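Dear colleague,

Please find below the structure I am handing over to you, together with its sequence. My findings follow directly after it.

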Amino acid sequence: MAKKFRDDEVLRYLETHTYDETMVFFSISRMTIARIKKRNKVKIMPEKIKVAIVGVGNAASSLIQGIEYYKSRSNNIGLLHPTFAGYHISDIEIVSAFDISIKKVGKDLSEAINENDLEIVAKVPILDVKIQMGNILDGVIDQTRKLIAPAEIGSANIINELKLSETEIVLCLLPSGADEAVKFYAEQSLQAGCAFINATPTKIAVDKNYARKFHDAGLPLIGDDLQDQFGATIVHKRILKQMLDQGVEIKESYALDVGGGAESLNTIHRSRGIKREIKSKSVKSSLNLNAPIVAGTSDYVPHMKNSRNSMLWIVGNGFLGSEIIVDLKIQTKDGPNGGAILADVIRATKIALHQGSSGAIDEISSYGFKNPPKGTVSIENAHKNLANFVLGIKE
Ligand SMILES: O=P([O-])([O-])O[C@@H]1[C@@H](O)[C@H](O)[C@@H](O)[C@H](O)[C@@H]1O
């Protein structure tokens with residue numbers, strides 16, 4: 001039977017112990033702790049947000065560098081929210097990391113990021129986080145063996161690692177198309193009692209079965225398929241919206257990416273179809289458009305490394321049916337383009353944990369992802385819903 005306790009006992013214990021320790025000691029859930037804090041009007045103070053990274057590629061490198069780069073709080077360029085929900089990006093702490101590359105496993109996270117093809121702009125000190133060997137499953141495909149040769153050792157005990165490192169949030173940054181591996185880490189996350197963020201297009205947050213499992217475990221689930229800060233999808237949505245707002249009728253459009261790096265290679269070989277489906281649907285649903293719109297990836301060019309060129313083409317009709325054509329190319333770096341969104345999503349997930357929210361969290365997912373559980377909404381609504389969620393406002 002659960003132990004009897006008073007609010008002040010729990011609050012006093014919390015002053016010197018983590019959430020997890022408090023949950024175990026009093027046999028209570030995060031939700032109960034959140035209620036006790038609310039009842040007693042205790043301000044939720046920023047504390048470190050303990051994150052595990054699965055897949056230490058270019059996106060991970062960007063996030064890790066960003067945590068260092070923005071430590072000096074006068075530098076906010078490139079962030080969407082310097083402080084979000086009371087947390088600064090430097091409140092994010094990477095406490096464990098998993099990869100399968102022979103070049104990364106066993107190294108400190110700060111050194112392993114040098115093995116990516118992304119330029120290092122922020123000097124990351126030794127973090128005392130050794131890359132653990134992950135479970136290979138479908139994490140490498142034949143075409144990528146040239147890029148990713150797996151370490152020849154057995155997988156670490158992932159659940160144990162997550163528990164020992166007191167991970168709160170597992171961030172899945174595996175390459176697109178590694179469905180088995182993504183599902184495996186979602187399960188490990190559940191069993192270790194961690195929230196799960198799925199940046200890949202594998203269907204996790206939209207899968208009712210996973211949503212129910214995370215709900216029953218009292219844990220947040222966020223995803224699927226990260227939407228870049230200034231990638232093809234968001235730019236496409238914004239330009240189409242601007243045209244519609246100006247009275248232009250949209251006749252047809254496409255947006256196609258060409259890029260290098262393992263992510264582009266995997267997209268081409270394993271997830272081209274699903275990426276195209278997700279991207280096209282995300283653009284159309286955000287604006288309720290019926291015009292033919294295709295958004296996807298057209299090719300992999302190895303020497304482009306982490307660079308990505310996105311070609312946008314829009315045909316519309318203006319006054320007197322006059323033809324208007326937008327022909328635009330954006331050049332971006334894939335890794336850093338996810339960094340600011342990841343920083344927001346991680347901080348929002350911490351709030352979800354504080355609030356005791358569980359299951360697939362649509363308010364966070366529709367802000368940062370192209371395939372959220374309840375479908376894509378307009379950018380304005382996605383931003384408003386996230387702000388209300390963080391403030392605890394229910395509409
Ligand atoms: O949001 P967006 O720029 O259209 O799409 C991006 C993809 O093109 C890219 O391959 C992937 O690494 C990003 O996470 C994101 O999904």
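K275 and D225 form a salt bridge, in which the closest N and O atoms are 2.8 Å apart. Please bear in mind that the model is predicted. Two salt bridges are found across the interface of domain 2 and domain 3. That interface also holds four residue pairs in polar contact, counted where both residues have pLDDT 80 or more. On the side of domain 2 that touches domain 3, ten residues are nonpolar, ten are polar and six are charged.

As to the overall layout, the domain assignment divides the chain into domain 1 (7-39), domain 2 (49-227 + 338-391) and domain 3 (232-332). Domain 2 is thus assigned in two segments, 49-227 and 338-391. Between the centres of domain 2 and domain 3, taken over C-alpha atoms, the separation is 25 Å. Each of these two domains brings 26 residues to the contact.

About 2,200 Å² is buried between domain 2 and domain 3, and carbon and sulfur atoms account for 59% of this area. Within domain 2, the residues that lose the most area to domain 3 are S176, K370 and I379; together they make up 24% of what that side buries.

I turn now to the ligand. It is surrounded by 14 residues, of which D228, T233, K275, K279 and K370 are the closest. K275 therefore deserves a second look on your part, as a residue that is among the closest to the ligand and that also forms the salt bridge with D225. Three side chains approach ligand oxygen atoms through a polar atom: that of T233 lies 2.4 Å from an oxygen atom, that of D334 lies 2.9 Å from one, and that of E263 lies 3.5 Å from one. Taken alone, the ligand exposes 380 Å², and the protein buries 93% of that area.

With kind regards

Note on methods:
Residues numbered from 1 in each chain as written. Predicted model: local features only at pLDDT ≥ 70, side-chain atom pairs only at ≥ 80, totals over all residues. Heavy atoms only, no water. Domains from an automatic or database assignment. Contact = heavy atoms within 4.5 Å. Buried area = accessible area lost by both parts, 1.4 Å probe. Salt bridge = Lys/Arg side-chain N within 4 Å of Asp/Glu carboxyl O. Polar contact = N/O pair within 3.5 Å; in protein donor to acceptor, adjacent residues only side chain to side chain. Nonpolar A, V, L, I, M, F, W, Y, C, P; charged D, E, K, R; others polar. Near = heavy atom within 4 Å. Areas by Shrake-Rupley, 256 points an atom, 1.4 Å probe, with all protein chains shown as cover.
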